[in-house]
Amino acid sequence: MSPSLASTRRLARFELQRVLGRGAQAQVWLAHDPRLEREVALKLMNPGADAIAVSQWLHEGRAVSRLTHPNVVPVFEADEHEGQPYLVFEYVDGLTLAQSRKDGRPLGAREAVQLVLGVLDALAAAHELGIVHRDLKPSNILVDQAGRVKLLDFGIAKLLDDDAGGGLPLT
């Protein structure tokens, strides 16, 4: 995070509240959007990324923003503010599958089937738009307070290129 961001705890119109998670490429904050009066998840790319990486990262956000499905965490915005690239997502209050399974307790059969069906529905919707997730793992599957499954982090996804049969990297 840039020094100015750390001191103000703001980015553009967003008020940063607390860190939700960190990864190799970015960190995710719980933030408040005063314009829309709601909590959001704000993903900030780590400093030092080159222009190509930033462009690809923002392209990923914009491509995934077209994906509207109840089992996918929606992207609301992909932009830069004073050189800081960011993505804005719906904030989902819940745990990742990895977090919820730390106790070693197995899922019940019904719960497991519902979870897998939600993930498969999300992947089918992504594939219909030519988006391949490529990073499906327990830490990229959220379960909200009502037990609904939400797929997130299309960070290494590929957008299929129908003409060439290959793919355009989204990040």
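Okay, so when I say contact here, I mean heavy atoms within 4.5 Å. With that in hand: among contacts in this chain between residues at least 6 apart in sequence, 49% join residues at least 24 apart. And please keep in mind that this is a predicted model.

A quick overview, then. We have 171 residues, and 37% of them count as buried. The chain has 12 strands plus 4 helices. About 9300 Å² is exposed, with carbon and sulfur atoms supplying 53% of that.

Let's talk about charges. Side chains of opposite charge can pair when their charged atoms come close. How many salt bridges does a search of the whole structure find? The count is 8, and I'll walk you through some of them.

Start with arginine 13 and glutamate 77, whose side chains meet in a salt bridge at 3.1 Å, N to O. Arginine 13 is in the loop between β1 (10–11) and β2 (14–22), while glutamate 77 is in strand β5 (residues 75–81), so this pair ties together parts 64 residues apart in sequence. Buried or exposed, these two, arginine 13 and glutamate 77? Both are buried. There's a third partner too: Asp33 joins Arg13 and Glu77 in a network of salt bridges.

Next up, aspartate 153 and lysine 43. Their side chains also form a salt bridge, 3.1 Å from N to O. Here aspartate 153 lies in the loop between β10 (149–151) and β11 (158–160), and lysine 43 is in strand β4 (residues 38–45), so the pair ties together parts that are 110 residues apart in sequence. On burial the partners go like this: aspartate 153 counts as partly exposed because its relative accessibility is 24%, and lysine 43 counts as buried because its value is 9%.

One more of these: lysine 150 with glutamate 90, a salt bridge between side chains at 3.4 Å, N to O. That one links distant parts of the chain, with lysine 150 in strand β10 and glutamate 90 in strand β6 (residues 84–90), 60 residues apart. Lysine 150 is buried, at 10% relative accessible area, whereas glutamate 90 comes out partly exposed at 26%.

While we're on charges, have a look at arginine 38. Its charged end sits over the ring of phenylalanine 76, 4.0 Å from the ring centre.

Now the aromatics. The count comes to 1 aromatic pair, and that's phenylalanine 14 with tyrosine 86. Why is the pair called edge-to-face? The ring centres are 5.9 Å apart and the planes sit at 65°, and the cut-off for edge-to-face is over 60 degrees. Phenylalanine 14 is in strand β2 and tyrosine 86 in strand β6, so they tie together parts 72 residues apart in sequence. As for cover, phenylalanine 14 is buried at 0% relative accessible area, and tyrosine 86 is buried as well, at 2%.

Last residue for today: histidine 133. You'll find it in the loop between β8 (131–132) and β9 (141–144). At 2% relative accessibility, histidine 133 counts as buried. So what lies by a polar atom of the histidine 133 side chain? The backbone oxygen of leucine 152 does, at 3.0 Å. The backbone nitrogen of leucine 136 also lies 3.5 Å from a polar atom of that histidine 133 side chain.

That's my tour. Happy to pull any of these up on the screen.

Conventions
Residues are numbered from 1 along each chain as its sequence is written. This is a predicted model: local features need pLDDT of at least 70, side-chain atom pairs count only at pLDDT 80 or more; totals for chains, interfaces and linings use all residues. Side-chain values use heavy atoms; hydrogens and water are left out. A salt bridge is a side-chain nitrogen of Lys or Arg within 4 Å of a carboxyl oxygen of Asp or Glu. Helices (H or I, at least four residues) and strands (E, at least two) are DSSP runs, numbered from the N terminus. Buried means under 20% relative accessible area, exposed over 50%, partly exposed in between (1.4 Å probe, protein chains only). A polar contact is a pair of N or O atoms within 3.5 Å; within protein, one must be able to donate a hydrogen and the other to accept it, and residues adjacent in sequence count only if both atoms are side-chain atoms. Accessible areas come from the Shrake-Rupley method with a 1.4 Å probe; for residues, only the protein chains shown count as cover. Rings of Phe, Tyr and Trp (its six-membered ring) pair if their centres lie within 6.5 Å; planes under 30 degrees apart count as stacked, over 60 as edge-to-face and the rest as tilted. A charge sits over a ring if NZ of Lys or CZ of Arg is within 6 Å of the ring centre and within 35 degrees of the ring normal.
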